[in-house]
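Please open the model in your viewer and keep the sequence beside it, since this tour moves from one selection to the next and says what is found at each stop.

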Amino acid sequence: MHGPVLAGVSLLIVQFIVIIGVSRLIGRGARWLGQPLVIAEVVAGILLGPSLLGWLAPDAMQALFPDSSLPVLKMLSQVGLILFMFLIGLELDPKLLKGRGHSSVAISHTSIIVPFALGSVAALWLYPRLSEPSVPFSSFVLFMGVAMSVTAFPVLARILSERNLMQSKVGAIAIACAAVDDVTAWCLLAFVVSIARASSVAQAAWTTLFALVYIAFMLFAVRPFLARLGARVASKDGLTQNVMAGTMLLLLCSALATELIGIHALFGAFLLGAVIPKEGGLAAALAEKLEDVAVVLLLPLFFAFSGLRTQVGLLSSADAWLMCGAIILLACLGKFGGSAVAARLTGMRWREAGAVGVLMNTRGLMELIVLNLGLDLGIISPTLFTMLVVMALVTTFMTTPLLKWIYPPEEMAKERLTAAPTPAEPSARPYTVLTCVSHGKAGPGLALLSHALTRGEARTAQVYALHLMPASDRASLLMKHEPPQQEGALAPLLGRAQVLGLEVRPLSFISSEPGADICRTAEAKRADLIVLGWHKPLFSRTVLGGTVHEVMQDAGPGVAVLVDRGLKEIRRILVPFIGGEHDRAALGLARRLLRHEGTEVTLLHVTSADATSEDSGARARVEDLFPEGAKQVRFHVVSHPSPEEAALEEARRGYDLVVVGVGSRWGLESHLIGLHRERLIQESPASLLIVRRPTATPSEASAPDAARVLTVGDAAS
């Protein structure tokens, strides 16, 4: 008696395991290609359906997804969609339109009207070829127009966040347009669904009237109640189980009401999320509670169910693929072309307008929801459904590479950093240090080092503190649209800088490419030196790996990595020296640090020949390098078979800071993933500053120092 029930539950659990596992596995590859997770989930659904698994192993597909299990899978996926549409409504914030109303409405409505018109024209060609005679022509035309007009708001928000475009002009316009787009498209789709479900014109009119009445009830009765509730729920800690249960009851009732009205349960869920006030913390608390269950557990079932309905084998002829290509072309022409031209007419540059067009052409998940509604209602055939799914995949997949091409990271860096306060350009460019902070503990030492490097400048020096936050692994629903706070990791650095009297300009943003973003920021700010606070990279034993390796490989200015062992002052400095180009760069920084009164520098010149006394010629060159502080410099020549061991022996004599150039002779080489020991870093009791020479032409500010360093380096070696 219990056998079939147990078998059904067991099968459902296995389906969950396979669907979520395959989605996440493909998701790793999608992330590597710079694609959003939704691409992986859609592809996973298609691979598990008749397009691949059913073609390669039909028995395995039938065993995993028997026909008897599909109704249960569909119902669970619908529950996931109801929760997801509620979350989409929560994400829609009227503040997105603040200051951008005119341009956003113009671009978004153009991006609806143009593709809608092209979709309607395409329907004239597709209707006799891909539609059943029983489908009303009006419903088919309206549905094709809506299918061409949709923009995937959550996928777009995710891409903007990962590309660090949320606070840029392009990102702000795109997210606002997508919000308007979503509301307009869903209103049009509700109208199409009401017509498709209605048996007569009178019934369609009644459906429209009831829908308008229900929307008014939600705005003028439910919204004020939720505003009072939100004021009492200041955070997720205030979201009690009773409040959560009441909200879920409202959600289910709203979904049921719109289903009974005749415009589908999804619209009720979306509407309730949209009317919940975004102030007070209720919306954010609800999103955080529900997001993981909806996005990680239930939503992949919808993708799998969509994949089971997608039959690529139906496109078995050249004509079918030509029609599919024509649909993709029209979709891109309408959405990309309409948005880009409208953005240009509102005053944006062509590059910016093109970026907006690319972003608005993203369809993703929202398109799949629309297509499944059309297939359920019988408006589109399985063949057209498959073509439109391919179109949704292609338009979403092309977004990231096209965006990189049209609006490259260098442009993003320039726009992002224009808002940062920069003093007027003096006649001689100031010495500029970009300090990169990965965690708060490194902040005080970096502030002390920056102060020592810039103190005594004839021209006003500039110090920037950069903190890059990793892109969240969560879906886009909790992405903040306000600029990130400068607190947290930068607070210790800024506090110590204030005590030292050092002016620091903070920069902070989300980054999925920290190494590249550090280099771009340094280029945009024309930095002379990048100082990195050391943070041990994942899967690596080497200090000079991960992001540090990327910056050392690609940055134009000089790079220094501070390994802080409790740096409190910079008085006694050791500079191990053999004569390489990175050693010369270390000498240049030592010369800057020597400007502090009471600072002493020991130059440890390691040779392989017997040398136990100081060389008079080398001493003369040292005096040339440090003319204003030669008495504060001690030049020590030692002969040792291991430069690394010689430097360690000297470092144990009570130095505050060891300044050393990268190089194999010191056991310091940058590798993306390294397993070597780096004894100098691990065993030195003093803090270390590991230096890599500039790869770009020395700036005007540092040219005199560079010339002297080269002279002494050549002579000493």
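Begin by selecting strand β5 (residues 558–563) together with strand β10 (residues 687–692), which pair in the antiparallel sense over five bridges. Within this pairing, pick out Val-559, whose bridge partner in β10 is Arg-692. Please keep in mind throughout that this is a predicted model.

Now widen the selection to the whole sheet, which is open, has 10 strands with mixed pairing, and follows the order β3-β2-β1-β4-β5-β10-β9-β6-β7-β8. At its edges you will find β3 (505–511) and β8 (633–639), each of which pairs on one side only. As you go from one strand to the next, the twist averages 20 degrees.

Next, add helix α24 (residues 581–593), which lies across β4 (529–533), β5, β6 (572–577), β7 (600–607), β9 (657–661) and β10, and runs at about 160 degrees to β6.

In the same region, show the side chains of Glu-581 and Arg-693, which form a salt bridge whose closest N and O atoms are 2.8 Å apart. Because Glu-581 lies in helix α24 while Arg-693 lies in the loop between β10 and α28 (703–716), the pair ties together parts that are 112 residues apart in sequence. The count of salt bridges comes to 11.

For a further stop, select helix α17 (residues 382–397) and helix α18 (residues 399–406), whose axes come within 5 Å and cross at roughly 35 degrees. The contact is made by Thr-395, Thr-396 and Phe-397 on the α17 side, and by Thr-399, Thr-400 and Pro-401 on the α18 side. Sorted by character, the residues of this contact are two nonpolar, four polar and no charged.

Finally, turn to helix α10 (residues 201–232), where Trp-206 has its place. Which residues form a nonpolar patch on the surface with Trp-206? They are Leu-209, Phe-210 and Val-213, and the four residues together have about 420 Å² of accessible area.

Note on methods. Residues numbered from 1 in each chain as written. Predicted model: local features only at pLDDT ≥ 70, side-chain atom pairs only at ≥ 80, totals over all residues. Heavy atoms only, no water. Patch = residues over 30% accessible without salt bridge, like charges linked within 9 Å, V, L, I, M, F, W, Y side chains within 5 Å. Areas by Shrake-Rupley, 256 points an atom, 1.4 Å probe, with all protein chains shown as cover. Helix = DSSP H or I, 4+ residues; strand = E, 2+ residues; numbered from the N terminus. Axes fitted to C-alpha atoms, helices over the stretch in contact; angles between N-to-C directions. Contact = heavy atoms within 4.5 Å. Nonpolar A, V, L, I, M, F, W, Y, C, P; charged D, E, K, R; others polar. Pairing = 2+ DSSP bridges.
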